[in-house]
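Here's a chain worth a look, and a few of the labels people hang on its parts. How does a value earn its label?

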Amino acid sequence: MLERYGHGGDLRTAAEAFGVPQDEFLDYSSNMNPLGPPPSVREALLHYADVIGQYPDPAIRGLRAKLAAYHGVTDDAVLVGNGAAELIDLVARVHGAGVTGLAVPCFGEYGDAVRKASGTVKAVQLNEEYGFEWQEEQVDEAVKAEAPFWLIGSPNNPTGRLVKPEYIRRLLRAGARVAVDEAFMDFVTDEETYSLVREAAVNKQLFVIRSMTKFYSIPGIRLGYIIGHPDEIARLRELQVPWSVNSLAQSIGEAVLGDNSYAEATRQWLAEERPWLSKALSSLDCTVIPGAANYMLFRLPEGKGLTAAELQERMGKQGILIRDGGKFEGLSGSYCRIAIKRRADNEKLIQVLRQCLASEVSERDDGIASNTSARGGESHKRQASTIMVQGTASDVGKSLLTAALCRIFKEDGLQTAPFKSQNMSLNSYVTWDGKEIGRAQGMQADACGVLATTDMNPILLKPTREMSSQVVVHGVPLRDYDAREYRERYLTEAEAVVREAIGRLRSSYDVVVLEGAGSPAEINLKDRDIVNMRMAAWADAPVLLVADIDRGGVFASVVGTLELLEPEERKRVAGIIINKFRGDVSLLRPGLDWLEKRTGKPVLGVLPYMRGLELEDEDSLSLDSQQWEQDRKDDIDDRYTLDIAVIRLPRIANFTDLDPLRFEPDVRVRFIEETEALGRPDVIILPGSKNTIEDLLWLEDTGLRSLVLEHVATGGFLVGICGGYEMLGERLLDPVGVESAVEAAGGLGMFPFDVTFSQVKRTVRVQGTARLYGVLRTAAGDTMRAETDGYPIDGYEIHMGEVTWHRYQEQPLLLREQVIGSELAGEGEAEPEADYAEGAVSPDGRVWGTFVHGILHNDDYRRGWLNEVRRARGWEPLSAELRFRERREAAFDRLAAEARAHLNIPAIRRIMGIDEGDEG
């Protein structure tokens, strides 16, 4: 039994009971903040060595003063204790041997504390019919019970239900003394509405108990406090053991208190995860009790013949710990309590829970789930084979080589997943569940034929300013860090994040192909590396070292990289691959022989330069090569070619939006940074930006802003996508510095809206209809075909800007949030959100903008728009012959075929330990 000592989180007992090592459990039985301790905790730990030889402050004056200021009370109204448990025990002792009222179900320690103080319990049962929420009848019953003292949890543990303050005030008016346990109140969005902290400081009948361990994820420290009238606090202090709170706990308490960014990130996480997990549980026919805390109570489906105790055992053997609700007085054995964690962990919970609910109870002892580990695989089953692609520099072709191997292994019948622990890119991809990862890992997942998840790219860095990046962890923005701060304060935590992610992938797939970042020989970064050689060691992955011969110096780059590696790192390099070769490979053979002899490493292949591959890049360095290819575009008559100028913003983001245009037969794409290069294009596109205001100011500084306005005034076409769309409004406002230190800037004034940057990022896949260019006309203006319903489109949104309209403007897109079929959706797709209008278009249709990335990947819509531009030139329309997504699949196949032809794939399989019997 997990609750041997009355609590969840007992990993030692769990290991003994379920036969799984402690460090492999996914613990849903204790309710800690899954974001982990704030960064200030690490700093406090580092500084603690200086004071460990001193006694702690017996009066805890520093922390008491901070708590008093935080809550707006006097410091003599605050008593700090060794966790909330000590304080519950103290208030029970002060009350003594009398009757204490409890509303059940409730935290088991309430009754234990009362009984230890020789008191008796008077229980009032909360009604299951009303979701265990206090009702008037329970208040009436509590008043009539005439219990002189009440211990009440708000939010209640285990139900998560809040108690209306007025109900507690009725007990006070009836003469009762009340201690309200608000251990989880910090998680509540409208805390001010429900908390009685300030009332407790002036009311001799009222105490409020708070915990710091849950919200700040520091259970090992044991830290809580109680607020009450100073006279009553003095009585408690007399009973408290001296030096109850050690100096480390005091210093950590002072460090974390008032960390507003951490608190906001926590509440934002909970606002997203609680409804997601509730919906997921409901899809399994579980009955979820609506609560407000960071845990969830639910009842198992009727008719399954499975109790909470049985489910706890079955899931425990699979390495997932849950609470048996039947251990709480007032709950039946069909209830379970679980913590709410990050999305990837919650997905694993739902996956294992679904498996357990789908199995008959009689199978429990048949060993179906008896030897499995927490992260979803059998502990005795071999973990996925791994291979890692590292490079001698950035942009040497790591991403495409990774995609090639992914496709090859997929073709060979192996379930394959890509992985990059940390990616720095402004080109991102939205997963099926609305999370943000690097574009390359999304593309590689497509090559594998699997849905992308955040485990494939658990950490994404999106540069915002010169030395600052937004850190996205498992698809959700954490906060902005500058380079030094990120390295010193977050990388250790990041290590745990990426190691857990690769572990889950290795438990779920046959093969994982890892991609490194930059070069493994960056001497200044190696000690805290989480992307190259240390990552390879954690994943037990042999390394393929890739070098780009097209940029020159290939032999020096390979030898130099290997020389700078530590001996054990050098041993991990299993082979060398030369990429982007042009010409006769036989002329390169003497150099390859020398390289093998010099390094002792085999050259496993020479890949040719593959032009026009039509697979997206994520590094803006690739824009230069794309421009080179456009300039050399064959079989194109400039007299009938649409000239599209894309403004190459300094912080350009998601430029893969433009990829289909590169392959349209009547289009030439130019990336423009200077006024002299703009010329007189048919179309100007303002692409996405990670720092819209500062890129808008750059437009002004370069003189391009005035040229864009002149272009529109003279009848030119203008398109804005995401950040570019935001620029089309009247004002851009960033009052709290979400993206920029500049609080406001004037937009281009094309549409009557302002954009305000929010701290909450919208990431969602969408689908719908584009009611724009729905009529196909000849050059003379005659209607050829009416598209009365518009063009079907899909794409995704990633933005922190919120639009406020000043007056009516036609919005050409009708969208709904897209719910992609998945394990969560079960049979078919989940219920889609309601339609909403999006984007903007000028009356003449020549200026339009949208937040939807990927809109130009919709072939019919893209051709409809291009034909509108052609008509303005007096040219006949073309049919939509380019099917970009089909070409993209063909490009994966071509990439894999080229790799098979030029790489020693059998040798790579042997390096990975894959034999023919491993193929599916």
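What follows is a short run of questions and answers on those labels.

This is a predicted model, so local features need pLDDT of at least 70 and side-chain atom pairs count only at pLDDT 80 or more, while totals for chains, interfaces and linings use all residues. Residues are numbered from 1 along each chain as its sequence is written, and side-chain values use heavy atoms, with hydrogens and water left out.

Q: Why is Gly-224 called buried?
A: Buried means under 20% relative accessible area, exposed means over 50%, and partly exposed is in between (1.4 Å probe, protein chains only). Gly-224 has a relative accessible area of 0%, so it's buried.

Q: What is Gly-224 in contact with, leaving aside its neighbours within four places in sequence?
A: Contact means heavy atoms within 4.5 Å. Among the residues Gly-224 is in contact with are Leu-79, Val-80, Arg-210 and Met-212. The C-alpha atoms of Gly-224 and Met-212 are separated by 5.3 Å, though the two are 12 residues apart along the chain. Gly-224 itself is found in strand 8 (residues 224-228); strands (E, at least two residues) and helices (H or I, at least four) are DSSP runs, numbered from the N terminus.

Q: Why does Asp-395 count as partly exposed, and why does His-474 count as buried?
A: Asp-395 has 27% relative accessibility, so it counts as partly exposed. His-474 has 6%, so it counts as buried.

Q: What makes the phi of Asp-395 and of His-474 worth pointing out?
A: Most residues other than glycine have a negative phi. Phi of Asp-395 is positive, near 60 degrees, and phi of His-474 is positive too, near 50 degrees. Asp-395 is in the loop between strand 14 and helix 15, while His-474 lies in the loop between strand 20 (468-473) and strand 21 (476-482).

Q: Where do you find cis peptide bonds?
A: Most peptide bonds are trans. A cis bond joins Val-104 and Pro-105, with omega about 5 degrees, and another runs from Ser-154 to Pro-155, with omega near 0 degrees.

Q: How do you know how helix 15 is oriented to helix 28?
A: Their axes come within 8 Å and cross at roughly 90 degrees. Axes are lines fitted to C-alpha atoms, for helices over the stretch in contact, and angles run from 0 to 180 degrees between N-to-C directions. Under 35 degrees counts as roughly parallel, over 145 as roughly antiparallel, 65 to 115 as roughly perpendicular and the rest as oblique. So helix 15 is roughly perpendicular to helix 28. Residues making the contact include Leu-400 and Ile-408 of helix 15, and Phe-892 and Leu-895 of helix 28.

Q: What makes strand 15 and strand 25 edge strands?
A: Two strands pair if DSSP finds at least two bridges between them. The open sheet has six strands in the order 15-22-14-23-24-25, with parallel pairing. Strand 15 (416-419) and strand 25 each have a single partner strand, so one side of each is left without a neighbour in the sheet.

Q: How do you know that strand 14 and strand 23 pair?
A: They share four bridges, in the parallel sense, against the two that DSSP needs to find. In strand 23, Val-546 is the bridge partner of Gly-391.
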